[in-house]
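Please look through the structure shown here, beginning with how strand pairing is to be understood and ending with how far the model can be trusted.

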Amino acid sequence: YQRRVRGPTFTINHMIQNRLLYKGYGNLSEHVLTRLSSAKSIKHISFGWCNGLAIVDNGELLEWDEDGYVKTTTHTTMISSFFEPKTSVRRLSCSWSHSVVITNEGKAYTCGWNKFGQLGHGNTVTVQYLTLVDALKDEYSVDCSVGEHHSLILLDNGSVYGCGGNHHGQLGTGDTNAYSIPQPIKDFKASGPLACGSRHSVIVNKGLVYTFGWGGYLQLGHDETDDK
């Protein structure tokens, strides 16, 4: 779940029908909205299954986490200290168990579960703290989106790079191989935005919408259930 919000921000203690942040087990009487007193004005917010990130108006980052993949905490905390001093955040995206953050300097950071190489660090080792994607350190990243086990990152020159699970072709590489180092979608440029579903992806270029990956529920919009 992700949306732009202004003013006071609230999260819910339990995820009701997969809509909001999941925070443990209990009965319906515990589904209480809680105001995030440390948040001033939220510019962008994204929640995964057990994690959440939000960008505050000054570019600082708020983090929620329950399962320890990112940073174990029992309350909302500022984690901008993971970055260099005065670094601010422009875009972010959270999935079931991993996250991608883009700074205003155009650097991509990832953390979380990494079984399919979705963090882009050249391995499948889980990373508990936001870590620079070294393969893109000389590029300028402007946007990102993550699926269940894959990640897409858009560069300022229109190139789109993907890494992670690719069972249904959701990385757009023309094959179904998983990649732990970000791979470009060849012969394709995007203007953005981009978005990832669980196992499929959507990219916009100059007003045209492109989809690829799993099509089992007609989610690719091609009036057929074949993968693309």
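Two strands are said to pair if DSSP finds at least two bridges between them. In this predicted model, that criterion is met by β13 and strand β14, the latter covering residues 179-184, which pair in the antiparallel sense over three bridges. Within this pairing, glycine 162 has glutamine 183 of β14 as its bridge partner.

Strand β13 also pairs with strand β12, residues 150-155, again in the antiparallel sense, and here the pairing runs over five bridges. One point of register is given by histidine 150, which stands opposite glycine 164 in β13. The two strands β12 and β13 form a hairpin with four residues between them, and in that turn glycine 158 has a positive phi of about 95°.

With these pairings in view, the surroundings of β13 itself can be considered. The strand, residues 160-164, is mostly covered, five of its five residues being buried. Val160, Gly162 and Gly164 point one way from β13, while Tyr161 and Cys163 point the other way, and all are buried.

A word on confidence should accompany this reading. The mean pLDDT of the protein is 78, with 72% of its residues at 70 or more. Over residues 1-33, however, pLDDT stays under 50, although the model has 67 contacts beyond four places in sequence for this stretch. Residues 67-78 likewise have a pLDDT below 50, and the model gives this stretch 35 contacts beyond near neighbours in sequence. Where pLDDT is low, the predicted coordinates should not be read in detail.

Key
Residues numbered from 1 in each chain as written. Predicted model: local features only at pLDDT ≥ 70, side-chain atom pairs only at ≥ 80, totals over all residues. Heavy atoms only, no water. pLDDT = per-residue confidence, 0-100. Contact = heavy atoms within 4.5 Å. Buried < 20%, exposed > 50% of the residue type's maximum accessible area, 1.4 Å probe, protein only.
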